[in-house]
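Biologist: I should like to learn how to read the features of a structural model in an orderly way. May we go through one together?

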Amino acid sequence: MTKLNAPPARRGRPTKAKTAGSADTRDLILDAAEDLFSKHGFYGVTIREVAREAGVDTALVHYYFGAKRGLFDAVFLRRAEVWNNERVDAINRYARETDPGGMTLEGLFEAFLRPPFQWSLKGGPGWKHYSALVAQTNANPTFGGETMARYFDPAIRRLIELIKVILPDAAEVDLYWAYHNLSGALTLTLGETGRLDRLSGGLCRSGDLETAGDYMVRYAAAGFRAVCGPEARSG
């Protein structure tokens, strides 16, 4: 996968500005909220805790974002725009630069999956926090589905349009089930929970996102062929 020109990111709190005036107050609040939400979830964080973490008055948090849900949505949107713009640009560029008959699922998924993996790898602690937050939200039965749909569905629908070019006979129901399975695998992997490390006895590392991304491209391509391709219906 293509790499950003920056050292590998690590989990942890982003460095705070030395004084409140040396960085944008709104971004300080968003960084603090992102950190706390990623660790404790939406219901485990209070506005007061965010304000204390950001080093600002509680009233400022309410001034910029209103209630806690407004703050959460602002945190979620900030990096979702980057992820999704880059993903859509990447798959559109792949489709434009490849003959329709030459497009492959591997090439398409490489383009689509590269941005979230690379931002989590190289983008700094904030992107690690965001990846963990997306993993939590995707599995949240209360508002996760609505939140993910609002911020991610346009990019996913464009991906599915291009998959149909490669698999023109695929049934709609099969395409959506296949993506559902990929979505769960993607967000769990980017969450870097350490589950894989323990399950494999250290043979695999959940933080090895370069390797994880390569595996996911191959796994997704094979999975879509198995679920949506001609051989799936012939059986």
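Modeller: The following dialogue takes up the fold, helix packing, pockets and selected residues of this predicted model.

Biologist: Let us begin with the overall architecture. How many helices and how many strands are there in the protein?

Modeller: The protein contains eleven helices and zero strands. Read from the N terminus, the order of elements is therefore α-α-α-α-α-α-α-α-α-α-α. Of its 235 residues, 45% count as buried.

Biologist: How should I read the packing of two helices, and at what angle do helix 4 and helix 7 pack?

Modeller: Two numbers describe a packed pair of helices: the angle between the axes and the distance between the axes. For helix 4 and helix 7, the angle is about 5° and the axes lie 9 Å apart. Angles under 35 degrees count as roughly parallel, and helix 4 and helix 7 are therefore roughly parallel to each other. The residues in the contact of helix 4 with helix 7 comprise 14 nonpolar, three polar and six charged.

Biologist: I would turn to pockets next. What is the general idea, and what volume does the largest pocket have?

Modeller: A probe the size of a water molecule, rolled over the atoms, shows where empty space is left. In this model the largest pocket has a volume of about 630 Å³. It is lined by 19 residues, of which Thr189, Leu196, Ala212, Tyr215 and Met216 are the closest to its centre.

Biologist: Which helices each supply at least two residues of the lining of the largest pocket, and what is the division of that lining by class?

Modeller: Helix 8 (172–190), helix 9 (195–199) and helix 10 (209–228) each supply at least two residues of that lining. Helix 10 provides the largest share, six residues. By class, the lining of the largest pocket has ten nonpolar, five polar and four charged residues.

Biologist: How much space lies in the second largest pocket, and which residues are the closest to its centre?

Modeller: The second largest pocket holds about 420 Å³ of space. Of the 21 residues in its lining, Asn138, Asp153, Ile156, Tyr179 and Ser183 are the closest to the centre. Two or more lining residues come from each of helix 4 (68–97), helix 6 (125–138), helix 7 (144–166) and helix 8. Helix 7 gives the most to this lining, with nine residues. By class, the second largest pocket is lined by eleven nonpolar, seven polar and three charged residues.

Biologist: I would next ask about cysteines. How many disulfides does the structure hold, and is Cys204 exposed, partly exposed or buried?

Modeller: The structure holds zero disulfides. Cys204 has 30% relative accessibility and so counts as partly exposed. Cys228, at 1% relative accessibility, counts as buried.

Biologist: Backbone angles are less familiar to me. What is the general rule, and is the phi of Glu192 positive or negative?

Modeller: Most residues other than glycine have a negative phi. Glu192 is not a glycine, yet its phi is positive, at about 45°. This residue lies in the loop between helix 8 and helix 9. Because its relative accessibility is 15%, Glu192 counts as buried.

Biologist: How may sequence separation be set beside distance in space, and where does Asp35 lie?

Modeller: One may give the separation along the sequence together with the C-alpha to C-alpha distance. Asp35 is found in helix 1 (residues 25–40). With a relative accessible area of 3%, Asp35 is buried. Asp35 and Val75 are 40 residues apart in sequence, and their C-alpha atoms are 9.9 Å apart in space.

Biologist: In which helix does Leu133 lie, and how many residues separate it from Asp35 in sequence?

Modeller: Leu133 lies in helix 6. It is buried, with a relative accessible area of 1%. Leu133 and Asp35 are 98 residues apart in sequence and 8.7 Å apart in space, C-alpha to C-alpha.

Biologist: As a last case, is Arg225 buried, partly exposed or exposed, and what distance in space lies between Arg225 and Leu105?

Modeller: Arg225, a residue of helix 10, counts as partly exposed at 30% relative accessibility. Arg225 and Leu105 are 8.5 Å apart in space, C-alpha to C-alpha, and 120 residues apart in sequence.

Note on methods:
Residues are numbered from 1 along each chain as its sequence is written. This is a predicted model: local features need pLDDT of at least 70, side-chain atom pairs count only at pLDDT 80 or more; totals for chains, interfaces and linings use all residues. Side-chain values use heavy atoms; hydrogens and water are left out. On a 1 Å grid over the protein atoms alone, a cavity is a set of points where a 1.4 Å probe fits but cannot get out, and a pocket is an open set with protein on both sides within 12 Å along at least five of seven lines; lining residues have an atom within 4 Å of a point. Grid points are joined across faces, edges and corners, and a volume is the space filled by probe spheres set on the points. Helices (H or I, at least four residues) and strands (E, at least two) are DSSP runs, numbered from the N terminus. Ala, Val, Leu, Ile, Met, Phe, Trp, Tyr, Cys and Pro count as nonpolar, Asp, Glu, Lys and Arg as charged, and the others, Gly among them, as polar. Axes are lines fitted to C-alpha atoms, for helices over the stretch in contact, and angles run from 0 to 180 degrees between N-to-C directions. Angles under 35 degrees count as roughly parallel, over 145 as roughly antiparallel, 65 to 115 as roughly perpendicular and the rest as oblique. A disulfide is a pair of cysteine sulfur atoms within 2.5 Å. Buried means under 20% relative accessible area, exposed over 50%, partly exposed in between (1.4 Å probe, protein chains only).
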